[in-house]
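Ready for a few exercises? Look over the sequence and the structure below, try each task yourself, and then compare your steps with the worked solution.

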Amino acid sequence: MVLIFAETVNGQFKKTAFEAVTYGAKTAALMGVDCAALVLGPANDAGALGRYGAKRVYQVSDGALANFDAQTYAAVITDAVRQLGARVVILSHSATGKSLLGRLAARLDAGSAPGVNALPDVGGGFRVKKPVFSGKAIAELEITSDIKLVSLMGNALPPEAGGSEASVEALQANVPASRVRVKEVKRVEGIVPLPEAELVVSAGRGMKGPENWGMVEELAEVLGATTACSRPVADAHWRPHHEHVGQTGIAIRPNLYIAIGISGAIQHLAGVNSSKTIVVINKDPEAPFFKAADYGVVGDLFEVVPRLTEAFKRYKAGQ
Amino acid sequence: MKILVCVSKTPDTTTKIALTPDGKSLDMSGVQYIMNPYDEWYALVRALELAEAANGTVTLLNVGPADNDAIIRKGLAIGANDAVRIDVADPGSSLYVARQIADYARDKGYDLIFFGKETIDYNGSEVGAMAAEYLDLPYVSYASQLDVAGGVATVARDIEGGVEVVEVDLPLVLSAAKGLAEQRIPNMRGIMMAKSKPLTVVAPSAAPNHVGTVGYTLPQAKSSVKLLAPEDMDELVRLLHEEAKVI
C-alpha cells in the first residue's frame with residue numbers, strides 16, 4: 001500500500017496535501033497497489049482527499065495532535081505504517097514533512113528521498129529523481145529498503161481532482177506526549193505563504209529604499225501574488241525576513257516569479273530557478289538574472305512596474 | 001555546557017557542475033569545497049556564543065574522508081575546542097551518516113547537538129531528525145533564535161508563513177536557520193591555534209545505507225530570454241497568459 005500523510009494547518013488541508021495525494025495515487029497505480037491517506041488530528045472534510053485519488057482516509061484523533069510535534073507525529077505515522085502494512089510513504093517536502101521524513105526513516109529503518117519532483121520509476125526497483133546542486137543537476141536515487149519514504153517538492157505536479165469522496169475510518173494509534181512545549185505561533189494572516197504561492201512578485205536593491213515598495217505591493221495585489229525580496233533587502237530590514245527568497249532564505253518554485261530590480265546573484269538564483277516562468281525587470285541589460293529568465297524587460301523599474309500593474313488590471317477587467 | 005556541532009562539506013554554490021564522459025557521475029575535479037554555510041555561519045557560531053557564556057565546550061563532528069580536515073580546521077579556527085572525524089571514504093546516505101553521529105554522541109552527554117538546517121547541495125534536511133530519533137531526543141528544526149537558561153531551551157523556529165516559539169528541556173537536537181547568529185570570520189590567532197587543537201579520527205560503526213545514487217543528468221538548458229519593449233507591458237501580460245499559461 002502507498003500511504004500519504006496529508007498535512008493540515010488549523011484543520012484545513014494545504015494545497016501540498018492534495019499534490020501529495022495525487023502523487024501517491026499515481027505511484028500506487030504504477031505499482032498496482034492500494035492507496036490511502038493518513039490524517040492526524042482534526043481535519044475539515046477529510047473525505048475530500050478521495051477526489052485526489054485516495055481510496056480510503058485514515059484519521060487519528062487525539063488532543064495531543066492539535067499542535068505539530070515531529071516526534072509525536074513520527075511515532076503515530078510509524079504506528080499507522082505498521083498497522084496498515086504500507087510499503088511506500090509519501091510526505092510533502094514542507095517544513096513539517098522535512099522534520100518528519102528523517103525521523104520516520106530512522107524509526108522504520110527505511111531509505112528516504114527528500115524533495116523529489118517526478119513520479120518514481122518502479123520497473124524493477126524504486127527510483128526517484130530530485131534536483132541537486134541548486135538545480136544544476138538532477139540525481140537519480142534508488143531506495144533499496146522494504147519501506148520507501150519520499151517527500152514531494154511543492155508545485156512539482158498539479159493536484160488532480162476527479163474521483164469521488166473517500167470513506168474516513170478512525171485509526172487507533174499510540175500517541176506519545178510531546179517533549180516540545182509550544183508557547184506561541186505567529187503566522188502572517190491573509191497571504192499565501194511563499195513556499196505554497198503560485199505567483200510571486202519579488203524585488204531587490206533596485207527599489208532604492210523601503211518607501212518605494214508600494215508599487216510592488218500593488219502589482220502583487222492586482223495579480224493575487226505573494227511578495228518576496230532578495231537577501232540585501234531583508235538584511236537592510238527594508239522588508240521582513242520571512243520574505244527573503246534565495247539560498248539562505250526560502251527556496252520556492254512558483255508558476256510565475258517576477259523579479260524587479262534584482263541582479264540575480266547565483267545564491268539568489270539557487271532559491272528561485274525552479275520557478276516555471278521567470279520575468280526579470282532590470283535597467284541593466286548585463287544583469288545575470290536575464291540568463292535565467294523567460295521574459296525580460298530592460299528598463300527603469302519605476303516606470304515599468306506601474307505600467308505592468310495597469311496592464312494586469314486591463315487583463316483582469318477583460319476576463 | 002557541552003555542545004556538539006555536526007558539520008558537513010559541500011561544493012561552493014558557484015561551482016560549475018559537469019558530468020564525467022560516461023555521463024553517469026559528476027565530474028568533481030576542480031570543485032571548490034566549503035563548510036556548509038548553515039553549519040558554519042549559524043550552528044557553530046551560536047554554539048560558540050552559548051559555550052562562551054556558560055564556560056562550556058564546543059566539539060565539531062564530521063563524517064567523511066581525510067580531505068575534510070581542511071574544513072574541520074576552519075571550524076576550529078572559528079573557535080571550536082576540538083573536533084572528531086568519523087573516517088568514512090564515501091558517507092553514502094543520510095541515514096548512514098545520522099547513525100554514525102548518533103553512535104558517536106550517545107554516551108558523551110552533550111546538552112545540545114547542532115546541525116545546519118540543510119546542506120546546500122542536496123537540501124535534504126534529514127540528518128538532524130534522524131540523529132534525534134536514534135538518540136531518542138527532542139528535535140527542533142529551523143531555529144532562528146535560541147536561548148538557554150536553567151536547563152531549558154527557548155527556540156523560535158521558522159514555519160511556513162510564520163514563526164513558532166517552543167520550549168524544550170535539554171538535552172536537545174536542533175537545526176540552525178538564518179538569523180540564529182552572525183557569521184564569524186576566523187582571525188590569524190584562531191587559525192594558528194587551530195593547528196594544535198585536537199582532531200580525533202574514529203572508525204565508523206556498521207550501519208545500513210538503504211539509498212544509493214544511480215546517476216546524474218543535467219537539466220535542459222533554458223531557452224534564451226525573450227526581451228520585451230518596456231513600453232508594451234500588455235504584450236508581456238498576453239505572453240504570460242497565452243504562451244507561458246501561468247495567469
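**Exercise 1. Chain B as a whole**

Among contacts in chain B between residues at least 6 apart in sequence, what percentage join residues at least 24 apart?

*Solution.* Start by keeping in mind that this is a predicted model. Of the contacts in chain B between residues at least 6 apart in sequence, 69% link residues at least 24 apart. Next, take stock of the secondary structure: chain B has six helices and 13 strands. Then look at the extent of the chain, whose C-alpha atoms fill a box of roughly 65 × 45 × 40 Å along the principal axes. Finally, check burial: 51% of the 247 residues of chain B count as buried.

**Exercise 2. Helix α4 of chain B**

Find out how helix α4 (residues 127–135) of chain B sits in the structure, and name what its buried residues pack against.

*Solution.* Step one is to go through the helix residue by residue, using under 20% relative accessible area as the cut-off for buried. B:V127, B:G128, B:A129, B:M130, B:A131, B:A132, B:E133, B:Y134 and B:L135 are buried. That makes nine of nine, so α4 of chain B is largely enclosed by the rest of the structure.

Step two is to look for the neighbours. In chain A, the buried residues of α4(B) pack against α3 (95–108) and β7 (111–116). In chain B, they pack against α3 (94–105), β6 (112–116), β7 (139–149) and β10 (172–176).

Step three is to step off the end of the helix: B:D136 follows α4(B), with a positive phi near 55°. Keep B:D136 in mind for the next exercise.

**Exercise 3. Where chain B meets chain A**

Describe the interface of chain B and chain A, from its area down to single residue pairs.

*Solution.* The size of an interface is often given as the accessible area lost when the parts come together. Here, the two chains bury about 6900 Å² between them, with 57% of it on carbon and sulfur atoms. The contact takes 76 residues from chain B and 82 residues from chain A.

Now turn to the polar side. Eight salt bridges are counted between chain B and chain A. One pair to find is A:R179 and B:D136, whose side chains meet in a salt bridge at 3.1 Å, N to O. With both residues at pLDDT 80 or more, 33 residue pairs are in polar contact across the interface. The largest share of the side of chain B that touches chain A comes from β9(B), with eight residues. Sorted by class, that side has 43 nonpolar, 16 polar and 17 charged residues.

Last, look at the strands. Strand β9 (residues 137–143) of chain A is joined to β12(B) by six bridges, and the two run antiparallel. Within this pairing, A:E142 has B:G212 as its bridge partner.

**Exercise 4. Backbone details in the loops**

Which peptide bond in chain B is cis, and are B:N55 and B:N123 exposed or partly exposed?

*Solution.* Begin with the peptide bond: B:L170 and B:P171 are joined in cis, with omega about 0°. B:P171 lies in the loop between β9 and β10 of chain B.

Move on to B:N55, a non-glycine residue with a positive phi of about 55°. B:N55 sits in the loop between α1 and β4 (57–64) of chain B, and it counts as exposed because its relative accessibility is 73%.

B:N123 is also not a glycine, and its phi is positive at about 50°. The loop between β6 and α4 of chain B holds B:N123, and this residue counts as partly exposed because its relative accessibility is 24%.

Conventions. Residues numbered from 1 in each chain as written. Chains lettered and ligands numbered in written order. Predicted model: local features only at pLDDT ≥ 70, side-chain atom pairs only at ≥ 80, totals over all residues. Heavy atoms only, no water. Buried < 20%, exposed > 50% of the residue type's maximum accessible area, 1.4 Å probe, protein only. Helix = DSSP H or I, 4+ residues; strand = E, 2+ residues; numbered from the N terminus. Contact = heavy atoms within 4.5 Å. Buried area = accessible area lost by both parts, 1.4 Å probe. Salt bridge = Lys/Arg side-chain N within 4 Å of Asp/Glu carboxyl O. Polar contact = N/O pair within 3.5 Å; in protein donor to acceptor, adjacent residues only side chain to side chain. Nonpolar A, V, L, I, M, F, W, Y, C, P; charged D, E, K, R; others polar. Pairing = 2+ DSSP bridges.
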